Amino acid sequence: AVNRVWSSRPTPSWAHKHFGSPDAKPEVVTLNATLRLYQLCGSTTICILWVYKSYMQEETPVVYIIECLCCLVFIAHLFYALVNSAWDVGYVTGIEGFIDAFTITPLLMQGMGGSWLTLAYLRCYRMNTAFTRLVGTGVLDPYMSELSVVYVKKLIEFIMVITIIAGTVYLLEGLGDIPHFADSFIHTDMGDLSFFQLTYFAMVVMSTVGFGDYSPTTVFSRFFIFFAIL
C-alpha cells in the first residue's frame, strides 16, 4: 500500500536530486556521503561503547546520551534509505533493517531500565557497509588511493568478523543456557562430555583448529581420532 501511494504521485525533483531512486544515484552526493560518514562514525562509536559496557556492566548517563545521539543519526540514515528505495518495505526485512530494528530500539530503551547487554555490537556490520558505500560516492577519491581503500576495507572486515564472533559468544555465555536447552554431561577423564560437546570437539578436530580444550584419553578413542583426522 505504501508503494502504491508513493508511485501514484510524481517523485519531487528535490528527492531525485538529493536522495536518488532505486534505479539512479542522487545527482548531488553531499547528503548521501554525509549520512554514510555519520553512519560509519556512529556505528563505530556504538561498538566501542558496547565493549566498554561489557567491562563496566552498566549503562551510565553519559554513555546513554552518546548512544541516543548515534541513534538519531541511524534513524536519519534509515529515512534516507527508505526514500532512496522509493519506500520499499522490503528494505526493512533485509539484514540492514534487521540490525537497525534490533539495535536502535534496545539502545533507546536502556534509559528506561533496559539491560546494558544488547545486540549493539552488530552495528559493526553497518560500519562495514557504510564505508563501502561511502567509497562508492567518490568523495574519498581525492584523499585515498585504491590500494588504501582496499587496506582499510579489509581492516574493517577483519574487525567486523572478530567483533561479531566475540560479541555473540559473550552474549550467549552471559545469558547462560536457555531452559530446556541446557546440556547434560557425563564425567570422564576427557572432561564433562555430551554428544553436543563431542560434536563441537569433532568440528574443531576436522577443521584442524585444534583448540586443545578437549582431547581423548583412552587408547581406543585416541586410535579412532587418529584415523578420523586422516
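**Exercise 1. Work out how far apart the closest N and O atoms of Lys 153 and Glu 157 are, and where the two residues lie.**

Step 1: Lys 153 makes a salt bridge with Glu 157, and their closest N and O atoms are 2.5 Å apart. To count as a salt bridge, a side-chain nitrogen of Lys or Arg has to be within 4 Å of a carboxyl oxygen of Asp or Glu.

Step 2: Both residues belong to helix α7, 4 residues apart, or about one turn of the helix. Helices here are DSSP runs (H or I, at least four residues), numbered from the N terminus.

Step 3: Lys 153 is partly exposed, because its relative accessibility is 26%. The scale goes like this: buried is under 20% relative accessible area, exposed is over 50%, and partly exposed is in between (1.4 Å probe, protein chains only).

A quick word on the model: it's a predicted one, so local features need pLDDT of at least 70 and side-chain atom pairs count only at pLDDT 80 or more, while totals for chains, interfaces and linings use all residues. Residues are numbered from 1 along each chain as its sequence is written, and side-chain values use heavy atoms, with hydrogens and water left out.

**Exercise 2. Find which residues the salt bridges with shared partners join into one network.**

Step 1: Start with Glu 96 and Arg 126, whose side chains meet in a salt bridge at 3.1 Å, N to O. Glu 96 is in helix α5 (residues 95–109) and Arg 126 is in helix α6 (residues 123–136), so this pair ties together parts 30 residues apart in sequence. Both Glu 96 and Arg 126 are buried.

Step 2: Now take Asp 100 and Arg 123, with a salt bridge of 2.8 Å, N to O. This pair also links distant parts of the chain, with Asp 100 in helix α5 and Arg 123 in helix α6, 23 residues apart. Asp 100 and Arg 123 are both buried.

Step 3: Put the shared partners together and you get one network of Glu 96, Asp 100, Arg 123, Arg 126 and Arg 133. The structure's salt bridge count comes to 8.

Step 4: Arg 123 has another contact, as its charged end sits over the ring of Phe 74, 3.7 Å from the ring centre. The rule asks for NZ of Lys or CZ of Arg within 6 Å of the ring centre and within 35 degrees of the ring normal.

**Exercise 3. Say which parts of the chain the aromatic pair of Trp 50 and Tyr 170 ties together.**

Step 1: The structure holds 8 aromatic pairs. Rings of Phe, Tyr and Trp (its six-membered ring) pair if their centres lie within 6.5 Å; planes under 30 degrees apart are stacked, over 60 edge-to-face, and the rest tilted.

Step 2: Trp 50 and Tyr 170 are edge-to-face, at 5.6 Å centre to centre with 75 degrees between the planes. Trp 50 is in helix α3 and Tyr 170 in helix α7 (residues 146–175), so the pair ties together parts 120 residues apart in sequence.

Step 3: Trp 50 is buried, at 6% relative accessibility, whereas Tyr 170 is partly exposed at 31%.

Step 4: Zoom out, and Trp 50, Trp 116, Tyr 121 and Tyr 170 make up one aromatic cluster.
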